[in-house]
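Good morning, and thank you for making time for this presentation. I would ask you to keep the sequence and the structure in view while I speak.

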Amino acid sequence: YVSDIQINEAELRNYLEDKLPIYMVPSIFMQIPEIPTNTNGKLDVKQLPEPNLSVGRYEDPRNEKEKLVVSAFEDLFKRKIGINDDYISLGGNSLSSMNIISYLSEYNIATVDLLQLRTPKKIAAKLKKRDIKLGKYGFEDSVPLSSSQLNVYLDELVNEMGTGYNNAFKVELTNKYSVEDIKNALFKLFERHPILKARIKREDEELPSCAFDAYVEIEERSSGDIGSFVKPFNLEKNLSRFLIVKERESKSLYFDIHHLIFDGTSLNIFLDSFFDLLNNDKDDFRDEGILRQISLEKNIDSQYLDDAHDFFDIMLADRNEVHDLLASVNLDEEFMGSKKQITEIEYITIFDMDENVINSFLQKKEITHNQFFASVFSYTLSRFTGSSKVLFNIIVSGRDYFDLSKSVGMFAKTMPILID
């Protein structure tokens, strides 16, 4: 920016944060003598000075909360951290935020806070102890479906999804483990993650609920394939099933779990937990993630929901029109050498991307992987629809309000994104 007087950067940032969405507020401010222009009078970006991308002047933490946040940063980034170091400049993104949230599990901190506040100094100033209690919810009784579960259930009910929501996998095991070893590990797994014993409960005209008393099928065969194992669930009977296949030199565990109780993040948590128990892990952890999620949804401030509703109403107010993909073009001899219509799309399935180059670029520009790839996708979509505004949904983990890093369940949510 250009100014005849020295401007306090903090005051300038605070002013812009009051006027602009947080993602539009610049990360770095530089005062320069004049704005460089080219011969056409437009901004000459190449002549702009290189910004100072250092993560900030080092400063030790001054209180217990700052020490805690700095420790969380150091645990994630494996380097010495000061209270002015910037989360995104260090390479943080929405996925790695789960590590920070897990470390600060006793406090009310979410992914959006990390991406907006960014420094341990600002994050620590916001930290407050969590006040989400499980209240009346427990695994002994049925509990309401969470919003994510209800969306899946209604889609299943209306569209007869068949096996569309089945999550089926196969795990190869050595003969080191007997069938009894595998069964015992599964029984312990059901106790650690009670949601694996979930089923849908319907009573008269009331909304469906989730009970945790299902009989989980564990079948044994001498041979088998995942195709014959996977079949639609009777949702009111159970939402998971298991198959142990005894082969000559090895054993295989097949498992099929409905999306109502299992999202993409759950897979690695499930596998880690299963192998820990298979190898006699003594950890007495009990997964109460689904109870915490439901308690949060039932106790969340109504004003917060009203504000969110208003935000999306405004964002989507003029998006009634639908833009289809542009039709194929008939290319004549001038372009093709023959009158041949393009009727097929060639998909590029493999292409090389240097991860280090991408990561370096994102750190330099101080943007996250999600922001970068969402921008690439939206630009591509705009070219194929002929519209300067594009609207699409993205999947978010839904695990950013408290520590769900060891929880199996359906927490994922969809979020509409409008880009102009």
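**Salt bridges, a helix contact and a surface patch**

I begin with a pair of charged side chains: E217 and K237 meet in a salt bridge, with 3.7 Å from N to O. E217 belongs to strand β5, residues 217-221, while K237 sits in the loop between α8 (226-229) and β6 (240-246), so the pair ties together parts that are 20 residues apart in sequence. Please bear in mind that what we are viewing is a predicted model.

How accessible are these two partners? E217 counts as partly exposed, at 22% relative accessibility. K237 is partly exposed as well, with a relative accessible area of 46%.

The next pair is R399 and D263, which form a salt bridge whose closest N and O atoms are 3.0 Å apart. Here R399 lies in the loop between β10 (390-396) and β11 (413-419), and D263 in the loop between β7 (250-258) and α9 (266-278); the pair therefore ties together parts that are 136 residues apart in sequence. Are R399 and D263 buried or exposed? Both R399 and D263 are buried. There is also a network to note: E217, K237, R241 and D256 are joined into one by salt bridges that share partners.

As a general reminder, side chains of opposite charge can pair when their charged atoms come close.

How many salt bridges does a search of the whole structure find? The search finds 19. One further example is the salt bridge that K126 forms with D113, in which the closest N and O atoms are 3.9 Å apart. K126 lies in helix α5 (residues 120-126) and D113 in helix α4 (residues 111-117), so this pair ties together parts that are 13 residues apart in sequence. With regard to burial, K126 is partly exposed, with a relative accessible area of 38%, whereas D113 is buried, with a relative accessible area of 12%.

I turn now to helix α9, where S273 is located. S273 is buried, and its relative accessible area is 6%. Which residues does S273 contact, leaving aside its neighbours within four places in sequence? They are L189, R192 and H193. With R192 there is also a polar contact of 3.1 Å, joining the side chains of the two residues.

Let us move to the surface. A nonpolar patch of about 410 Å² is made there by V2, I35, L43, V45 and L48. Within this group, L43 is placed in the loop between α1 (9-19) and α2 (64-77). L43 is partly exposed, with a relative accessible area of 45%; because membership of such a patch requires over 30% relative accessible area, L43 meets that condition.

I close with the protein as a whole. It has 14 helices and eleven strands. Of its 420 residues, 36% count as buried. The protein exposes about 26200 Å², of which carbon and sulfur atoms supply 51%. What share of the contacts with a separation of 6 or more comes from residues 24 or more positions apart? Such residues account for 65% of those contacts. The R399 and D263 pair, with its 136 residues of separation in sequence, is a salt bridge to revisit in the display with that figure in mind.

Thank you for your attention.

Technical notes: Residues are numbered from 1 along each chain as its sequence is written. This is a predicted model: local features need pLDDT of at least 70, side-chain atom pairs count only at pLDDT 80 or more; totals for chains, interfaces and linings use all residues. Side-chain values use heavy atoms; hydrogens and water are left out. Patches are made of residues with over 30% relative accessible area and no salt bridge: like charges are joined within 9 Å, nonpolar side chains (Val, Leu, Ile, Met, Phe, Trp, Tyr) within 5 Å. Accessible areas come from the Shrake-Rupley method with a 1.4 Å probe; for residues, only the protein chains shown count as cover. A salt bridge is a side-chain nitrogen of Lys or Arg within 4 Å of a carboxyl oxygen of Asp or Glu. Helices (H or I, at least four residues) and strands (E, at least two) are DSSP runs, numbered from the N terminus. Buried means under 20% relative accessible area, exposed over 50%, partly exposed in between (1.4 Å probe, protein chains only). Contact means heavy atoms within 4.5 Å. A polar contact is a pair of N or O atoms within 3.5 Å; within protein, one must be able to donate a hydrogen and the other to accept it, and residues adjacent in sequence count only if both atoms are side-chain atoms.
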